[in-house]
Amino acid sequence: CLPLTCMDGLMNFHPPDKCCEECRDEAMPCEYLGESKLPGEEWLLDECTMCSCVGGEVMCMSERCPPVHCESDETPTLSPGMCCPRCMPRPATCTTFGDPHYRTFDGKMIHFQGTCVYTLTADCENGDFEVYVQNDDRGAFGAVSWTQESKIKLKGVEIELLQKWIVKVNGVEVNLPYLRDPVLFIEKSGSTILVNTEIGLKVLWNGHSFLEVSVPGTYKRKTCGLCGNFNNFPQDDMRLRNGQITNSAAIFGNSWKVDTPGSPACEDSQDLDPCIQAGYRARKEANAKCLVLKSEKFRPCH
């Protein structure tokens, strides 16, 4: 191509479909999808593509994302409004089940037999959410309890997950599926209630005693309660409300007890071995049932 010198009011322009530059009127507008664009106007086509009006021609450039190399506890995540993924902490799940057992966000197993209302987990930095559990005496052999219901508090919304798949929002029973756009969506899938929230908190409830809470990686090192602090270090999960760490499941659980206005005071739990407390008859019955599970027939499950 020969050198090109343009007169005043004209600009050097390289059309994308031609080899050489040509002179174009700087004040020439553009036409894009039936809309007129002013000279020099820029607009986003999508998160990765920026377009502009240059010399009567629409020019678009797309951002190329570099390779993402994340740590073992991170995952590539594409955030709303962002073109390229970035490394974010992996989400974590906490589970309560049985009589009851707690598996924290960091994977520690805790066995706590309290029969009060407790903070299962909460955002203790910004207060985005709180999840409570109500535990009651199972009434079986030994001092054991079970999770009877759960309450989720978001900003401006309170969800109650009750027995037999009953769900209440702000004190009113609702039919499922339930949508409170954009904050909340609740549905029933089979025999399971699924709660999805705008902030990424997810709760799964089986309508009886199994509860699972998942939080996105953005809440890493921000949670507190029976589910722990989500810092990939299970050794410090039994942290009390005052910040101290204990080896006692009872002291740990009692510290996260929640006073319920209008209800009688709830007694603290004690560190007990349910098998010893239940007595010889219950232990004999339990061992007989466990032998079946440990037999050859169930070996594939071991």
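**Exercise 1. Determine the handedness of the link between Cys 6 and Cys 23, and say which parts of the chain the pair connects.**

Step 1. The torsion about the S-S bond of Cys 6 and Cys 23 is -95 degrees, and the link is left-handed. Step 2. The two sulfur atoms are 2.1 Å apart and form a disulfide, a term that stands for a pair of cysteine sulfur atoms within 2.5 Å. Step 3. Cys 6 lies in the segment before β1 and Cys 23 in strand β2, so the pair links distant parts of the chain, 17 residues apart. Strands (E, at least two residues) and helices (H or I, at least four) are DSSP runs, numbered from the N terminus. Step 4. Cys 6 is buried at 18% relative accessibility, whereas Cys 23 is partly exposed at 30%. Here buried means under 20% relative accessible area, exposed over 50%, and partly exposed in between, with a 1.4 Å probe and protein chains only.

The model is predicted: local features need pLDDT of at least 70, side-chain atom pairs count only at pLDDT 80 or more, and totals for chains, interfaces and linings use all residues. Residues are numbered from 1 along each chain as its sequence is written, and side-chain values use heavy atoms, with hydrogens and water left out.

**Exercise 2. Describe the disulfide of Cys 1, and explain why Cys 19 is not bonded to Cys 1.**

Step 1. Cys 1 is joined to Cys 20 by a disulfide with an S to S distance of 1.7 Å. Step 2. This link has -85 degrees about the S-S bond and is left-handed. Step 3. Cys 1 belongs to the segment before β1 (10–13) and Cys 20 to the loop between β1 and β2 (22–25), so the pair ties together parts that are 19 residues apart in sequence. Step 4. Cys 1 is exposed, at 64% relative accessibility, and Cys 20 is partly exposed, at 32%. Step 5. For Cys 19, the closest cysteine sulfur is that of Cys 1, at 3.8 Å, which is too far for a bond. Cys 19 is exposed, with 65% relative accessibility.

**Exercise 3. State the handedness of the disulfide of Cys 30 and Cys 53, and whether each cysteine is buried or exposed.**

Step 1. The sulfur atoms of Cys 30 and Cys 53 are 2.0 Å apart and form a disulfide. Step 2. The torsion about this S-S bond is about 90 degrees, so the disulfide is right-handed. Step 3. Because Cys 30 is in strand β3 (residues 30–32) and Cys 53 in strand β6 (residues 49–54), the pair ties together parts 23 residues apart in sequence. Step 4. Cys 30 is buried, with a relative accessible area of 3%, and Cys 53 is buried too, with 2%. Step 5. A search of the whole structure finds nine disulfides, the pair of Cys 30 and Cys 53 being one of them.

**Exercise 4. Place Tyr 178 in the fold and list its contacts beyond four places in sequence.**

Step 1. Tyr 178 is in strand β19 (residues 178–180). Step 2. Tyr 178 is buried, at 18% relative accessibility. Step 3. Apart from neighbours within four places in sequence, Tyr 178 is in contact (heavy atoms within 4.5 Å) with Val 169, Leu 184, Phe 185 and Ile 186. Step 4. Val 167 is 11 residues from Tyr 178 along the chain, and the C-alpha atoms of the two are separated by 9.7 Å. Step 5. Leu 176 and Pro 177 are joined by a cis peptide bond, with omega about 0 degrees; Pro 177 sits in the loop between β18 (172–173) and β19. Step 6. The peptide bond from Asp 181 to Pro 182 is also cis, with omega near 0 degrees, and Pro 182 is in the loop between β19 and β20 (184–189).

**Exercise 5. Decide whether the chain is spread out or a compact globule.**

Step 1. The chain has three helices and 24 strands. Step 2. Its radius of gyration, taken over C-alpha atoms, is 29 Å, well over the 19 Å that the globule rule gives for 302 residues, so the chain is more spread out than a compact globule. The rule is 2.2 Å times the number of residues to the power 0.38. Step 3. The C-alpha atoms fill a box of roughly 100 × 45 × 40 Å along the principal axes. Step 4. Of the 302 residues, 35% count as buried.
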